[in-house]
Structures are given as C-alpha cells and as structure tokens.
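Hi everyone, thanks for making time. I'd like to walk you through a structure that's probably new to most of you, so let's put it up on the screen.

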Amino acid sequence: MEFELLYWHWIVFGIALICLEIFVPSFTFLWFGMGAILIGGITLVAPELPFSWQVFLWALSSGVFTVLWFKFLKPMSQDKTLAGLSLEASRID
C-alpha cells in the first residue's frame, strides 16, 4: 500500500506549524505554516502535482513569506518613539 499525500495533509501540517509558533518567539514557524497551507490550497486545485514540486513550492513560498516579513512588515511594527525612556536612555550621541 502506497501513501499518497493529499491536500489536507499540507493544511494540517501548516496548522501544526502555526500552533508551534506559540512556543517560539521569532515568527519563523508561522511563515512555514502559511507556506504549507498555501501548498494545501494548490494541491486542492491541482492534485496531480508531484511531491517533489510540492516540497519545492513549500520551501519557496515559506522563504518568500519570511523575507517579506523581515523586509517589510517587521520594520513597520517597531516602536520608534522614545516615550517612557529616561533622559539618559533617550539621549542619542
């Protein structure tokens, strides 16, 4: 009996990775989970996609999500105000 990877396997894998993000503070597993859910959607539409392509697309999409996070979204979420800091801590030399 041969095991066939179906679309819902990718979705469950993605949800598990996103749940694992609770224990890791870096948002890394979140983007790998989002990539797995995306591949689950792709394989729902194109179930004949070979497993090697599924893994390649998962790695590619996870990498793209991670780069987009560090390049665009993370810098927008940083607090650039000096409110609440002491005078010595807020002094820029």
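Let's start with a single residue, Ser-61, which sits in helix 3, residues 51-77. One thing to say right away: this is a predicted model. So, is Ser-61 buried or exposed? Its relative accessible area is 10%, and the limit for buried is under 20%, so Ser-61 counts as buried. What does Ser-61 touch, if we leave aside its neighbours within four places in sequence? The answer is Gly-35, Leu-38 and Ile-39.

Now stay in helix 3 and look at Leu-57, which is in that helix too. Leu-57 comes out at 24% relative accessibility, and because partly exposed covers the range between 20% and 50%, that is the class Leu-57 falls into. Not counting residues up to four places away in sequence, Leu-57 is in touch with Ile-39 and Leu-49. There's also a distance to look at here: from the C-alpha atom of Leu-57 to that of Ala-36 is 9.1 Å, with the two positions 21 residues apart along the chain.

Okay, on to helix 2. Helix 2 runs over residues 28-45, which is 18 residues. At 1.5 Å a residue we'd expect a span of 26 Å, and the end C-alpha atoms are 27 Å apart, so the two agree. Which residues of helix 2 are buried? They are Leu-30, Trp-31, Gly-33, Gly-35, Ala-36, Ile-39, Gly-40 and Thr-43.

Next, how helix 2 meets helix 1. The axis of helix 1, residues 7-20, comes within 7 Å of the helix 2 axis, and the two cross at roughly 165°. Angles over 145 degrees count as roughly antiparallel, so that is how helix 1 lies against helix 2. The crossing of helix 1 past helix 2 is left-handed. By class, their contact has 16 nonpolar residues, four polar ones and no charged ones. On the helix 1 side, the residues include Tyr-7, Trp-10 and Phe-13. On the helix 2 side, Phe-29, Phe-32 and Met-34 are among them.

Last, let's zoom out. How many helices and strands does the protein have? Four helices and zero strands, so to speak α-α-α-α when you read from the N terminus. The protein has 93 residues, and 23% of them are buried. As for contacts with a separation of 6 or more, 51% are between residues 24 or more positions apart.

That's my tour, thanks for listening.

Key: Residues numbered from 1 in each chain as written. Predicted model: local features only at pLDDT ≥ 70, side-chain atom pairs only at ≥ 80, totals over all residues. Heavy atoms only, no water. Expected span 1.5 Å × (residues − 1). Buried < 20%, exposed > 50% of the residue type's maximum accessible area, 1.4 Å probe, protein only. Axes fitted to C-alpha atoms, helices over the stretch in contact; angles between N-to-C directions. Parallel < 35°, antiparallel > 145°, perpendicular 65-115°, else oblique. Left-handed = near helix turned anticlockwise from the far one by under 90°. Contact = heavy atoms within 4.5 Å. Nonpolar A, V, L, I, M, F, W, Y, C, P; charged D, E, K, R; others polar.
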